[in-house]
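Biologist: Could you take me through one part of this model closely? I would enjoy a connected account of a single helix and what lies around it.

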Amino acid sequence: MVVAKVVGQDLQLVSRHKQRVRMASGLDAEGNLDNAAIERGLECLAMFAERLQGFEVDNVRIAATHTLRIANNAHIFLQRAREILPFPIEVIPGEEEARLIYTGVAHTQTESNSKLVVDIGGGSTELIIGKAFEPVLLNSTQMGCVSYTNKFFANGKLSSKNFTKAILSARQRLEALSPRYKKKGWEVALGSSGTIKAIKEVLVGLGNEDGIITNKRLYKLIDKLCEFDSIDDIALSGLTIERKPVFAAGVAILTAIFESLKIREMHFSPGRCVKGYSTKWKSTSSAPTFACAPPKTWQPNTLSTLSMQRKCVGRRTSS
């Protein structure tokens, strides 16, 4: 959860509250969320509810993304969530999620005109090409670091065979999309997700001080990961304990994206859905205080909340 103040046209960060939920890991073979995943999500919402006390319902926006888009029993979770949170939860389409991601990146990376933005989440990956602040080609694909961990690294084993299978699967999912993206082209490729941030930080820890991601560096990283017997054994500078369980799958997915789209290099962008989501509702809300929930900011493919306070000239506001 991010708390920020709106000052003029800018957002001023006040505080952050992080809680990893990874509800996608609770999807079973039939596409239902298990009880443990539901409880993790509800516990997170209960924490948010405490911090959102005092907000009017009309001034709050909460969004859910991939996991609740595909879960057969999402209605059960949403029904129980209403008992905890007095605010409506919007399950947004994948293309809307991609649009918000691009908006967030575009407002923090204004140097280039055309951009390719990649965001790898827990259950879905968004690919967007845009010019200035407008996306012109976008897609949300059902592959993510949590779902691919469950599918290709479920035994925790790190091997070239597991990586090859994961990369091949991701490339097959991108096969129909890649020609349009390569034809459209872009000036700079940017990654905006926690997965890509982690890859950048590990590459820096391995001696690549510029933090630039390339296909060659990704394969060197895969070779390095295969030196460890299992995911639990991974010990790399820059890799957090929280990110470690899904890191290998994220590396495999990004490698497939590089190969499918023929990306030369990628830079990490700190702009995320939090900026895109807040920009969208900041322009439509006239209330002194309002809150909105960017879809995939710190809790992959679940729920997160951004609380913002608008400062009005000559008018006191409450927090």
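Modeller: Happy to; what follows is a close look at helix α8, with a word on confidence beforehand. This is a predicted model, in which local features need pLDDT of at least 70 and side-chain atom pairs count only at pLDDT 80 or more, while totals for chains, interfaces and linings use all residues. Residues are numbered from 1 along each chain as its sequence is written, and side-chain values use heavy atoms, with hydrogens and water left out.

The chain has a mean pLDDT (the predictor's confidence in each residue, from 0 to 100) of 83, and 79% of its residues reach 70 or more. Over residues 281-319, though, the pLDDT is below 50. Where pLDDT is low, the predicted coordinates should not be read in detail.

Now to α8, residues 194-205. Helices here are DSSP runs of H or I with at least four residues, and strands are E runs of at least two, numbered from the N terminus. At 1.5 Å times one less than its number of residues, the twelve residues of α8 should span 16 Å, and its end C-alpha atoms are indeed 16 Å apart.

Its buried residues (under 20% relative accessible area, 1.4 Å probe, protein chains only) are Thr195, Ile196, Ala198, Ile199, Val202 and Leu203. They cover an arc of only 155° around the axis, so they sit on the same side of α8; the arc is taken from the directions from the helix axis to the C-beta atoms. Covering these buried residues are, among others, β5 (114-120), α5 (145-152), β8 (188-191), α9 (215-225), α10 (244-261) and β9 (267-268), where contact means heavy atoms within 4.5 Å. After α8 comes Gly207, with a positive phi near 110°.

Note on methods: Buried means under 20% relative accessible area, exposed over 50%, partly exposed in between (1.4 Å probe, protein chains only).
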